[in-house]
Structures are given as structure tokens and as C-alpha cells.
Amino acid sequence: MRFHSPSIQYFHAVRRTGSIRAAARLLNVASSAVSRQILKLEQEVGSPLFERTARGLTLTTVGEMLARHVMNVLQDLDRFRSDVASLSGAWHGTISIACIESLTESVLPDLIAAHRSRARRVSFTTMVMGSSDVLEALRRGEADIGIAMALRHPPDLRQVALKRFRLGALVAREHPLARRKTVTLEQCLAFPVIHALPELSIYHLLQPLIAQLYETPEPAIQANSIDLMRELAARGVGVAFQTQLGITRLSRDAQLVFLPLDNAGSPVWSDLGIYVRAERTLPAFTESFLQELVRELGERERRESAAYPHIP
């Protein structure tokens, strides 16, 4: 079902890969064929679409304008294919998700498994990355759904939902802090700590709190992996800082204790946003999964609120 000229498909491939040669491999055609189609498209548009940089081919201003149009056209084609398939009573297609690492421990596995049990012909592509990269992947059309710590998002993205979760300290069950109901950052810093590196949003959530302290000892460990930090905390190596979203298994097995952070009597919140492209209508099977995701995170948010009724 190829309804559009090859030049559109080839332009999209070059934009995604940043290289004529890489686009040719992706499309399984000769590099010269890709070059001819790009040149033809530039002649039709009347302006260069790419410029060569040290990082490869990047879009010009006109190229960016065309890219937005091409993404809408190709995504609408995906939706049309989905609608046609649904007439036979079966959804068919691929859902592409860009998300932060904390969603991969239980949230996404549970949702994908449940969705696949009902719609076997729907496949998934998942990409784990930092929050700002999630939004950029969504903007570039590389993902249908983005899940990231809430950031200021560009106008071409739409925030479908915003869920709020407590940021807390993770400690092993034998840790001296483990019996407390809440902890302050200062109390945590009396022990070895495991800090997030700047590419993780947790780093930016904690920096304002750290800046208020008179003394901040060097962290025992710094990492850019949520999974690594929680595993180290479970082994008693130090105190890590995360939400409860990524610790279901370790918490259930009593290997980790979650202690909500208290900042001068107030909770420390981590806001999680769910995003899609603003001007896009999603295929039915993608919209269905999106709503399941919103409901699941809403339920987890409610359960967490019920677990800490004494905390404002």
C-alpha cells in the first residue's frame, strides 16, 4: 500500500538516519537512487532540504517544514491501514513508545502483555531514553507515544495526561533509615548515597533541594541507570532516589523500602507526562493502548495517595 511518491519515502528515511547511505540500507536500494529522489524533491520544492554537517545530513529550515508535513502524511497512512484492517475485526499495526527507564520494570511489561493477549497482530517498538530525548523522538516522528518526566513541551506536542508521584529514598530493608515513615535529604546524606547523573530528570528534581543544604558530601556512586541505582540500593550499597514506579518487584520481595522525601514538611513530587504529536489522530489500536496507559498510571497514582494519607 504505497500511495505516495518514492521521494517522500526516501526523504523520510534520510531525515531519520542522517545519511544517504544509511537510508539506502534501510530502504534496500542503491545510494544513487536515494540521491536522485532527494535531488528531484529539492528541485520540486525549489530549495535545499539538507545541509551536510560533522554529524551527517541535517534538515534546513525548509526541510524542517517539509518534515512536519511528511510525518503527518505517513502517520495518516498508518491510521488508514489500521482502519481498513479493523473492518475485518482485527487490529493490525505497530505501536512505537519512547519512555523513561522507570516504566520498564512493571508498568509497560504489564500493559504490553495485556494488550498483546487481546490483539496478537499489534506489535510494539519500545525505546528507553531520558525525558528530553523522549520528547525529541516524538517530535521527529520516531514514536507514537512518549512517557517522560513532565518538562516544558513544544507546541507541536500534546500532553495527554499528567500523573504525580512521590519522590523518595530507596534503602535496603536492613538500612538504619528503613523504619522511618519519611526522610529528609539531609538525613539521607548522612549515609553513602547513589546520585543520578544530569541526563536523568531525578538529578534536576534534587538539585534545588541540595542547593539549600549547607554541606553536601560527595556521592558514593553516580549513575545514569534507574535500574542500576535501585539494584545497588537493594544490596545496601547506598541510598538512591526514585519514585515507586520502578520498584514493584524489589519492594514486593521486601528487598527495598521506599521512604517519601520530606522537604520542610512538604512532599517532593515527580510529575510524569504522557505525550503525543498535537496534530495527529492516532490509529484505533494505538489510541486504545494510550487510554489503557493513562488508566494504569492513574490507578497507580491513586494507590500511592491512599498509601500516604497522612502526608499532604
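Visitor: How many aromatic pairs does the count come to here?

Guide: Happy to help, and bear in mind that this is a predicted model. One pair joins Phe11 and Phe50, and another joins Phe124 and Phe289. The count of aromatic pairs therefore comes to two.

Visitor: Is the pair of Phe11 and Phe50 stacked, tilted or edge-to-face?

Guide: The two ring centres lie 5.4 Å apart, with 50° between the planes. Planes under 30 degrees apart count as stacked and those over 60 as edge-to-face, so the rest are tilted. The pair of Phe11 and Phe50 is tilted.

Visitor: How many residues apart in sequence are the parts that this pair ties together?

Guide: Both Phe11 and Phe50 are buried. Phe11 belongs to helix α1 (residues 6–17) and Phe50 to strand β1 (residues 50–53), so the parts tied together are apart in sequence by 39 residues.

Visitor: And what kind of pair do Phe124 and Phe289 form?

Guide: Phe124 in strand β4 and Phe289 in helix α11 are 165 residues apart, and both are buried. Their centres are 5.1 Å apart, with 65° between the planes. Over 60 degrees counts as edge-to-face, and the pair of Phe124 and Phe289 is edge-to-face.

Visitor: Which element gives the most to the largest nonpolar core?

Guide: That core has 37 residues, and Phe289 is among those with the most contacts inside it. Several elements each supply at least two residues, including β4 (122–128) and α11 (284–307). With six residues, the element that gives the most to this core is α11.

Visitor: Over which ring does the charged end of Arg166 sit?

Guide: The charged end lies 5.6 Å from the ring centre. A charge has to be within 6 Å of the centre to count. The ring under Arg166 belongs to Trp269.

How values were computed: Residues are numbered from 1 along each chain as its sequence is written. This is a predicted model: local features need pLDDT of at least 70, side-chain atom pairs count only at pLDDT 80 or more; totals for chains, interfaces and linings use all residues. Side-chain values use heavy atoms; hydrogens and water are left out. A nonpolar core is a set of buried Ala, Val, Leu, Ile, Met, Phe, Trp, Tyr and Cys residues joined through side-chain atoms within 4.5 Å. Buried means under 20% relative accessible area, exposed over 50%, partly exposed in between (1.4 Å probe, protein chains only). Helices (H or I, at least four residues) and strands (E, at least two) are DSSP runs, numbered from the N terminus. Rings of Phe, Tyr and Trp (its six-membered ring) pair if their centres lie within 6.5 Å; planes under 30 degrees apart count as stacked, over 60 as edge-to-face and the rest as tilted. A charge sits over a ring if NZ of Lys or CZ of Arg is within 6 Å of the ring centre and within 35 degrees of the ring normal.
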